[in-house]
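Grab a pencil and work through these exercises one at a time. Try each task yourself before you read the solution.

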Amino acid sequence: MNSEKKKIKAPAFHVEKREGISFRKACAIRATAVVLSLIVCAIVIVLITGQNPLEVYGGIIDGAVGTSRRFWVTVRETVILLLIAVGLVPVFRMKFWNIGAEGQILMGATASAALMIYIKDSIPNFLLILIIMIGGMVVGMLWAFIPAFFKANYNTNETLFTLMMNYIAMQIVNCLIVIWENPVGSNTVGIINGATKAGWFPSIFGNAYALNIIITLVATVCISVYMKMDKHGYEIDVVGAGTRTALYAGINVKKVICRTMMLSGALCGLAGSVIVSGASHTISTSTAGGRGFTAIIVAWMSKFNPIAMLAISAFLSFMQQGAIQIASQFGLNENASDIITGILLFFLIGCEFFINYRMERTDRGDTEDKAS
Amino acid sequence: MSEEKAIELKGVTKYFGDTAANDHVDLALNKGEILAVLGENGSGKTTLMNMISGIYFPDKGHIYVHGNEVSIGSPKDAFNLGIGMVHQHFKLINVMSALENIVLGIDPPEGGFNLQKIRDEIIRLSEDYGFEIDPDKKIYNMSVSEKQTVEIIKVLYRGADILILDEPTAVLTPQESDKLFNVLRGMKEHGHSIIIITHKLNEVLDISDRVTVLRKGKNAGTALTKDMTVDLLTEMMVGEKITLDIERTSPVNPSKRMVVEDLTVMNGEGIPALKHVTFEARSGEILGVAGISGSGQKELLESIAGLAAPENGNIRFYSDKGEEKDRNDTSIAFVPEDRLGMGLVASMNVTDNVMLRSYNEGKGRFVERKKPFELAKKIIKALSVVIPDMSIRISSLSGGNVQKILLGREISQKPDVLLVAYPTRGLDINSSFTIYNELNEQKKNGVCVICVIEDLDVLLDISDRIIVLSGGRLSGTEDARSSNKERIGRLMTGLEAEK
């Protein structure tokens, strides 16, 4: 029709949402992602350090599970990360973007440290531990309630609010370090109750981290049941699907937001207690150590499935501990492992795109039109 | 009239998932004319225009601008072709002035913009076409109509000669609409070609030269506006008459069940969407609600259901003995327009959806899923829902099956009042019949059914009485057995009320 018809440039591919994918195909895509990421990591290792990538991988494995002690440290880190991720499940199912776990952990940890410092061994240890756990939960809960209250009543942005609460928590800890400084002038709190071990989690069956594991397992089971079977869990899912539906179903959205966020804060606070009483026995601004953010990845990547959360927590802790090893063994700094973890996560999260969508060649339909 | 075509579409098709939003649509806009694109909600008007303005890329088909085939991959491409779109939802930056918004997105010339020159040009443009605008006024200080003016000037300033306006009058008062239409006529005289999307019939007759009607994503016909009437347009819009083979029984002992008095309800933007509406609804009858979409139907149903607080007026409920009773003692079932976004949870399975309204009834902490599961099975059997597996998420069912579950759940609570909005929109004929039969069944059981249906033939066949809304006001109450489509159509457009 037009002699000077221009060349039509249409996009060669377009993206389409998959209706569903078989479990096997999804696994294959994920496995491909892991293999690809290990290859890319190897290239990066050779380029940056000139080391043999297989040796570096060996160092990571050695550092994470090479000795009994290293193995148990990896387990300790795994359960703490899992506990925080479990705590985040309810709020994220509600589509409440709580990135303030870091602050909630820190406040729980602070409460625990305060109780250890002020109560000392004046009461039986089991009672002190109980008080520490309750204290950590209550403080974490209150810390989480603040952004929830404002979200529910004034529709403030919870992402910014919870993020900023993290920095407030950090400054509170800074102030308290000045008060609790030990020894004077060190600008650290030091090991609390090092001699009496008051408020420290006791060894059970000769294992120092048994209580950590038990607390996490109990919390994981409770939250799974809560989300699956409890009326609250159902309400959380409905609110997450949209406030219009929740309103239609007669759910008090404000109440659900506050309640769920408080639950989440309590669990993060409890994680803070576990870190202080069950692992570090001290407090500093890095007590939470970014776990509050890492746990977000754990929760979302596992799509809130408890088994998957355990696996991903273990994987990330494994890489973390391996990093410490390769840092000393190969004279790299710990960022090397962050790079490796980053590449792995990039591929693992990126492959979700191919699980949810597929690429299709664009069909301009010329042939079909002529036929019809 | 010049026969040269500004835009021509051939066989344009766009799919969203498995549903065709546009199915092989042909459309032509002549140079220097105003073309109205008319269609009900969901008929694919906006999708089609979005493909011309570069927001979507068609899956199939060809677009010609001034006779050349083009590929419009982005709004920038559209802009380079001289196509400008004024969207229904304005795309302006609130904290900036009109001038800044107009300049935004244009590559600055060397040495930056000469704002004074641009300001003069904007003022010249507005004088040419009869706009009123203060270029330095911030957007957040502007009324809706002023914002729209900014959008139009933005498009004109960039040199667009083809304008697309998506439901421009939806947010305007009648006076503002008249003003806009004068401006559009002025632009036409300056040689611009204009497409105006609307579902208001009187506007089509008022402003356009030609009209293309879309129905269910397809072109249902194009005609010269001067040959058209409200009735002809309505028929094109709603399609062939479907004869419903449903027996309409006479209401059995209808008694006053609900009285709505002087009801005024605001929409989400705080503008009154329902104005001083008064009517009575009776048990054992189907009360149809007619009206062009957006005339306050949604607000009416939501306020009856207790989801939207009335600004003014009240809703009273009555027992069979005629005594007034509390809303809380009245069982109100509601099948909302937005099935998956309000009535159901898209990501949940059928059982979890069936218990949405009743999950809190049982004692104890835990949700009781056994009874909802049985109820779900019962609904599936009674309304012949096709479902491959009880565990799949409800959004993967077809629209008809989704609606059957929703209606089934609402009916299962043995309502006194049953509200249904567009119960068969997007449904195939068999599912539609199942739904209509079920509504009739409820009527026989003495339920007061209030039903919003856009298809007037169906509405006339199934209702006992019909109330008509026009621009948020009640423009008439009709006996469905003696009224006809033409009468209702005129009431819908508000023409009848003026006579």
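**Exercise 1. Work out the strand order of the open sheet of four strands in chain B, and find its edge strands.**

Step 1. The order is E12-E11-E14-E15 (chain B), and the pairing is antiparallel. Strands here are DSSP runs (E, at least two residues), helices are DSSP runs too (H or I, at least four), and both are numbered from the N terminus. Two strands pair if DSSP finds at least two bridges between them.

Step 2. Look for strands that pair on one side only: these are strand E12 (272–282) and strand E15 (324–325) of chain B, the edge strands.

Step 3. Now zoom in on one pair. Strand E11 (residues 256–266) of chain B runs antiparallel to E12(B), and seven bridges join them. For Val260(B), the bridge partner in E12(B) is Phe279(B).

A word on the model before you go on: it is predicted, so local features need pLDDT of at least 70 and side-chain atom pairs count only at pLDDT 80 or more, while totals for chains, interfaces and linings use all residues. Residues are numbered from 1 along each chain as its sequence is written, and chains are lettered from A and ligands numbered from 1 in the order in which they are written.

**Exercise 2. Describe the surroundings of strand E17 (residues 417–421) of chain B.**

Step 1. Check the burial. Five of the five residues of E17(B) are buried; a residue counts as buried if 20 or more other C-beta atoms lie within 10 Å of its own, exposed if 12 or fewer, and partly exposed in between, with C-beta atoms placed from the backbone.

Step 2. Sort the residues by direction. In a regular strand the side chains alternate between the two faces of the sheet. Here Val417(B), Leu419(B) and Ala421(B) point one way, Leu418(B) and Val420(B) point the other way, and all are buried.

Step 3. Find the partners. Strand E16 (residues 332–335) of chain B runs parallel to E17(B), joined by four bridges, and Ile332(B) stands opposite Val417(B). Strand E18 (residues 448–452) of chain B also pairs with E17(B) in the parallel sense, over five bridges. There, Val452(B) is the bridge partner of Ala421(B).

**Exercise 3. Show how domain 1 and domain 2 of chain B meet.**

Step 1. Get the bounds: domain 1 covers 5–238 and domain 2 covers 256–498. Such bounds come from an automatic or database domain assignment. The domain centres, taken over C-alpha atoms, are 35 Å apart.

Step 2. Count the touching residues: twelve from domain 1 of chain B and eleven from domain 2 of chain B. Two residues are in contact if their C-beta atoms, placed from the backbone, lie within 7 Å.

Step 3. Look at the domain 1 side. The elements giving two or more residues to it are helix H7 (201–207) and helix H8 (230–238) of chain B, and the largest share, four residues, comes from H8(B).

Step 4. Sort that side by residue type: four nonpolar, five polar and three charged. Ala, Val, Leu, Ile, Met, Phe, Trp, Tyr, Cys and Pro count as nonpolar, Asp, Glu, Lys and Arg as charged, and the others, Gly among them, as polar.

**Exercise 4. Why does the radius of gyration of chain B agree with that of a compact globule?**

Step 1. Use the rule: 2.2 Å times the number of residues to the power 0.38, with the radius taken over C-alpha atoms.

Step 2. Compare. A compact globule of 499 residues would come out near 23 Å, and chain B has 25 Å, so the two agree.

Step 3. Add some context. The C-alpha trace of chain B spans about 75 × 50 × 45 Å along its principal axes, and 45% of its 499 residues are buried.

**Exercise 5. Test the length of helix H12 (residues 306–329) of chain A.**

Step 1. The expected span of a helix is 1.5 Å times one less than its number of residues.

Step 2. For the 24 residues of H12(A) that should give 34 Å, and the end C-alpha atoms are 34 Å apart, so the helix agrees with the rule.

Step 3. See what comes next: Gly331(A) follows H12(A), and its phi is positive, near 65°.
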